[in-house]
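Colleague: I would like to go through this structure and ask how each label was reached. Please set the values against the definitions as we go.

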Amino acid sequence: MITQKIVDPEKIYDPSEKESLFITGSEAVKEALRRANVDMAIAYPITPQSESMHLAGDLFAEGYIKEYFRGENEFAVMSSVAGAAMAGVRVFTATGGPGTLRAFELFPTWAGARLPIVCSFMTRGINSPLTIQPDTIEMACLLDSGIIMLHAETAQDLYDMILRAFMIAEKTDVHIPVGVFCDGFFVTHTRDTVEVAPAEMKLPPYDAYSSPVPAMDMENAPFRHMRDPFVMKSNFISYATHASWQQEVMAACERSRKYIQQYLGSLIETEHPDSEILIISSGTAISQGREAMKSARAMGLDVGLVKIKSIRPFPEEEIRLLARNAKHIIVPEFNRTGWMAREIKSVIEDTTKVIAGPRVFGGMTMPPESILDEIRRCSK
Amino acid sequence: MLTKRYEVQKGPEGYLPPAAAMMGIVPSEPGTSLVEGQMVLQETAMEKVADALLQAKNPVFFPGPLILWAWKEGVEEKAQAIKELADAAGAKIIPMPDYRPKYPMINPEIEINPNHPNLTIWHNNIDVCLFVGVHCHYANIALKLIRGGTDCYTIALCAEAGHEDAMISLRDVGLDQIRQITEIVKKRKETQK
């Protein structure tokens, strides 16, 4: 292990000297964790995530992470991670697909307990029939779990978002989990150039004393609430308290907007945003959209692109304003339900502009030509 | 879509009022404060705190665990300064020693609880209250419940990022800021004589 120095986060996020590495998405996770001053990482394997937590174990062996172990299963891992965060340490884990669903109860529990856990979700299809292939359907399940959701398009995004997620999650007025999502295999198992900060730098440690809830104590909430929950009482006060608690968790997610803007620049990125036709999506669907946009523009068609980086909080105002000028909005997705198209329809004024597709799933690739076909149909 | 700007006013606002953050109220930036949802300079907010306390019929401070227990250096001095502010403003003190829901019932004469703060406010006819030293999550829950069910005017002196659900919210409040408010209160009282 090399000797590291704690520096201002801005120096890690925008270092004067960067190193270019040609690495996989899983290796980008490792490089982010190396600089994140993580106290604890807990692992359980599942394809396509296994390699990232394997590499986190290598960091433990090298001395960059203080504690590391394998849990019994995903539910146990997410429970252990909750315990670590309640005790006041910076903790990381990762999962994907069926692993996400197996542990599902814990994600709203993390948010409700105001735990600043960072978890990477390497998405894949969920049963049945069994598939290990890329698919973003698990993200639809997590939309209302209370966690912040960032969606990486590339290995660079994955590195950047994980390293920034700790700072966003740990703000006192936010202090809820951040899920950093990437499309399994497309991002995790392919190599790309990733610019990283010098390995001698690391983030400042987590300050648990600024938490909006007390550290673990059986006589204090949230532990006491779990042991003697007010929801078990049948009266208006207990119901109103629970409702107010949930509203506060939603408010915490809302407050994260300004920190996402601070650390990631914005909740969206745009190319040719004033175009008649906009391709709006997230993750690798936007990579395919970008190729389609380039082809379309070469043909003289007026097409732009909107990459959504933050799924929760959703960039409602940004999308609403962009949609006003567009005549057509194409939403390519790697899932069968079209959850992103639904999200977009829920915030824009004229939902008839939205073309909810093309959509592929079960591991199918999405040829840019399939998006180009939609562009051609809109242009007629 | 919001057509009218939401204002954080004293209640009772209704059966289940929204969290102010969900209505477009953004936490104040360092050096600024929130007064009824509007960002103002911290000095302006301090004046408003003094006004609210001195105009109240029954102002009460609700100190929480972060200031009731000497858990780190500097807390005792801060607690002393809060006591001086309460004395200067003629405010009573009812502590919030912990966050456990109190069943079968709370004694509202001697304590307040974030899960049912309205009981203490109703029982004691409190028209202005000041939160200090309460963990942010619990302060926000309580402030919203108070706005929902009572007509009490709420003030939060927060050592962290502040509370949009309070009618007056000061952030990054330390010993100096508390003493500054005390001085303003004392000066106001002098000029009112």
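**Domains, sheets and single residues**

Modeller: The domain assignment of chain A gives two entries, domain 1 (5-209) and domain 2 (268-379). Keep in mind that this is a predicted model.

Colleague: How far apart are the centres of domain 1 and domain 2 of chain A?

Modeller: Taken over C-alpha atoms, the centres are separated by 27 Å. The contact between them uses 19 residues from domain 1 of chain A and 20 residues from domain 2 of chain A. On the domain 1 side, helix H7 (137-142) and strand S7 (148-152) of chain A each supply at least two residues. S7(A) gives the largest share of that side, with 4 residues. By class, that side of domain 1 of chain A has 11 nonpolar, 5 polar and 3 charged residues.

Colleague: How many residues does each chain bring to the contact between chain A and chain B?

Modeller: Chain B brings 23 residues and chain A brings 25 residues. The chain B side divides into 14 nonpolar, 5 polar and 4 charged residues.

Colleague: What makes S11 and S16 of chain A edge strands?

Modeller: The open sheet has 5 strands in the order S11-S13-S12-S15-S16 (chain A), with mixed pairing. Strand S11 (268-271) and strand S16 (354-355) of chain A each have a single partner strand, so one side of each is left without a neighbour in the sheet. Helix H11 (residues 284-298) of chain A packs on this sheet and touches S11, S12 and S13 of chain A. The direction of H11 makes about 165 degrees with that of S13(A).

Colleague: How do you know that S12 and S13 of chain A are paired?

Modeller: Pairing needs at least two bridges between the strands. Strand S12 (residues 277-281) and strand S13 (residues 303-308) of chain A are joined by 5 bridges and run parallel, so the condition for a pair is met. In one of these bridges, Ile277(A) has Val303(A) of S13(A) as its partner.

Colleague: What is the strand order of the sheet in chain B, and which strands stand at its edges?

Modeller: In chain B, 7 strands form an open sheet in the order S2-S1-S7-S6-S5-S3-S4, again with mixed pairing. Strand S2 (38-41) and strand S4 (92-93) of chain B stand at the edges, because each has a single partner strand. Strand S3 (residues 59-63) of chain B pairs with S4(B) in the parallel sense over 2 bridges, and the cut-off is at least two, so they count as paired. Val60(B) stands opposite Lys92(B) in S4(B).

Colleague: How do you know that the length of helix H3 of chain A agrees with its number of residues?

Modeller: Helix H3 (residues 50-62) of chain A has 13 residues, which at 1.5 Å a residue should span 18 Å. The end C-alpha atoms of H3(A) are 19 Å apart, which agrees. Among the buried residues of H3(A) are Met53(A), Leu55(A) and Leu59(A). The buried residues of H3(A) pack against several elements of chain A, including helix H2 (25-34) and strand S3 (40-43). Gly63(A) follows H3(A) and has a positive phi, near 100 degrees.

Colleague: Why is Leu157(B) called buried?

Modeller: A residue is buried if 20 or more other C-beta atoms lie within 10 Å of its own. Leu157(B) has 32 other C-beta atoms within 10 Å, so it is buried. Leu157(B) is found in strand S6 (residues 153-157) of chain B. Beyond residues up to four places away in sequence, Leu157(B) touches Leu130(B), Val132(B), Leu170(B), Val173(B) and Ile178(B).

Colleague: Are His175(A) and Asn125(B) buried or exposed?

Modeller: His175(A) has 26 C-beta neighbours inside 10 Å and therefore counts as buried. Asn125(B) has 10 other C-beta atoms within 10 Å; the limit for exposed is 12 or fewer, so Asn125(B) is exposed.

Colleague: What is the sign of phi in His175(A) and in Asn125(B)?

Modeller: His175(A) has a positive phi of about 50 degrees although it is not a glycine. Asn125(B) also has a positive phi of about 50 degrees, and is not a glycine either. Most residues other than glycine have a negative phi.

Notes. Residues numbered from 1 in each chain as written. Chains lettered and ligands numbered in written order. Predicted model: local features only at pLDDT ≥ 70, side-chain atom pairs only at ≥ 80, totals over all residues. Contact = placed C-beta atoms within 7 Å. Nonpolar A, V, L, I, M, F, W, Y, C, P; charged D, E, K, R; others polar. Axes fitted to C-alpha atoms, helices over the stretch in contact; angles between N-to-C directions. Domains from an automatic or database assignment. Expected span 1.5 Å × (residues − 1).
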